[in-house]
Amino acid sequence: VQLQASGGGLVQTGGSLRLSCAASGRVSRDHALGWFRQAPGKEREFLATVGGRYDGTSYADAVKGRFTISRDNAKNTVYLQMNNLKPEDTAVYYCALGSTIVTIRRNQRYWGQGTQVTVSS
């Protein structure tokens, strides 16, 4: 399995970005896909995940209401729509694949390469 993240960039406070992560290889519709981020000097943190056919979505409190995760199974792609961005959202954003929306928070089977998001004040 390979995950290719894209869509990062520089945006002003209050702006929006949409990240994409294309999955290839042995990816099942039942796998959970998720987004994480890591800011300089901080640990990687969970942001959001979307499950397989019946598992729904789950978000970290820090981004609930501002970020929306979605997936297109026909394209094996997961998206993260980020609105009302703040300087504290500056980080490298990673996509990941896991088993379920519960287990992916702690156990990730595959990682993408990361895409930089910088929010200027």
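In this predicted model, Arg18 sits across from Gln81 of strand β8. That pairing belongs to a longer run: strand β3, covering residues 17–24, and strand β8, covering residues 77–82, are joined by 6 bridges and run antiparallel. The two strands are part of an open sheet of 4 strands, and following the sheet across gives the order β1-β3-β8-β7, with antiparallel pairing. At the edges stand β1 (2–6) and β7 (67–72); each has a single partner strand, so one side of each is left with no neighbour in the sheet. Going from one strand to the next, the twist averages 15°.

Another set of strands is built around β5. Strand β4 (residues 32–38) is joined to β5 by 5 bridges, and the two run antiparallel. Here Arg37 is the residue that stands opposite Glu45 in β5. The hairpin made by β4 and β5 has 6 residues between the strands, and Gly41 takes a positive phi near 80° in this hairpin. On to the next partner: β5 is also joined to strand β6 (residues 57–59), this time by 3 bridges, and again the strands run antiparallel. Ala48 faces Tyr59 of β6 across this pairing, the two standing opposite each other. β5 and β6 form a hairpin too, with 6 residues between them, and Gly56 in the turn has a positive phi of about 75°. As for how much of β5 is covered, 5 of the 6 residues in this strand (residues 45–50) are buried, so the rest of the structure largely encloses it.

Back in the open sheet, Phe67 is a handy residue to look at. Phe67 lies in strand β7, one of the edge strands. Is Phe67 buried or exposed? With 2% relative accessibility, Phe67 counts as buried. Setting aside neighbours within four places in sequence, the contacts of Phe67 include Leu80, Gln81 and Met82, along with Asn83, Leu85, Asp89 and Tyr93. Arg37, Leu47 and Tyr59 are also among the residues in contact with Phe67. Some of these names have come up already: Arg37 stands opposite Glu45, Tyr59 stands opposite Ala48, and Gln81 stands opposite Arg18. Between the C-alpha atoms of Phe67 and Cys21, which are 46 residues apart along the chain, the separation is 15 Å.

Cys21 brings up the disulfide, and the structure holds 1 of these. The partners are Cys21 and Cys95, with sulfur atoms 2.1 Å apart. Cys21 lies in strand β3 and Cys95 in strand β9 (residues 91–98), so the bond ties together parts that are 74 residues apart in sequence. The torsion about the S-S bond of Cys21 and Cys95 is about 60°, so this disulfide is right-handed. Cys21 and Cys95 are both buried.

Thr115 is worth a look as well. Its place is in strand β11, residues 115–120, and Thr115 is buried, with 10% relative accessible area. What does the side chain of Thr115 reach? At 3.1 Å, it reaches the backbone nitrogen of Gly8. Not counting residues up to four places away in sequence, Thr115 touches Ala5, Ser6, Gly7 and Gly8, and also Leu19, Ala91, Val92 and Tyr93. Tyr93 also appears among the contacts of Phe67.

That leaves the aromatic rings. A search of the whole structure turns up 3 aromatic pairs. In one of them, the rings of Phe36 and Phe46 have centres 5.6 Å apart and planes at 75°, so the pair is edge-to-face. This pair links distant parts of the chain, with Phe36 in strand β4 and Phe46 in strand β5, 10 residues apart. Phe36 and Phe46 are both buried. Tyr94 and Trp111 make another edge-to-face pair, because their ring centres lie 6.2 Å apart and their planes are at 85°. Here too distant parts of the chain are linked: Tyr94 is in strand β9 and Trp111 in strand β10 (residues 110–111), 17 residues apart. Tyr94 is buried, with a relative accessible area of 14%, whereas Trp111, at 32% relative accessibility, counts as partly exposed. Ring pairs join Phe36, Phe46, Tyr94 and Trp111 into a cluster.

Key
Residues are numbered from 1 along each chain as its sequence is written. This is a predicted model: local features need pLDDT of at least 70, side-chain atom pairs count only at pLDDT 80 or more; totals for chains, interfaces and linings use all residues. Side-chain values use heavy atoms; hydrogens and water are left out. Two strands pair if DSSP finds at least two bridges between them. Axes are lines fitted to C-alpha atoms, for helices over the stretch in contact, and angles run from 0 to 180 degrees between N-to-C directions. Buried means under 20% relative accessible area, exposed over 50%, partly exposed in between (1.4 Å probe, protein chains only). Contact means heavy atoms within 4.5 Å. A polar contact is a pair of N or O atoms within 3.5 Å; within protein, one must be able to donate a hydrogen and the other to accept it, and residues adjacent in sequence count only if both atoms are side-chain atoms. A disulfide is a pair of cysteine sulfur atoms within 2.5 Å. Rings of Phe, Tyr and Trp (its six-membered ring) pair if their centres lie within 6.5 Å; planes under 30 degrees apart count as stacked, over 60 as edge-to-face and the rest as tilted.
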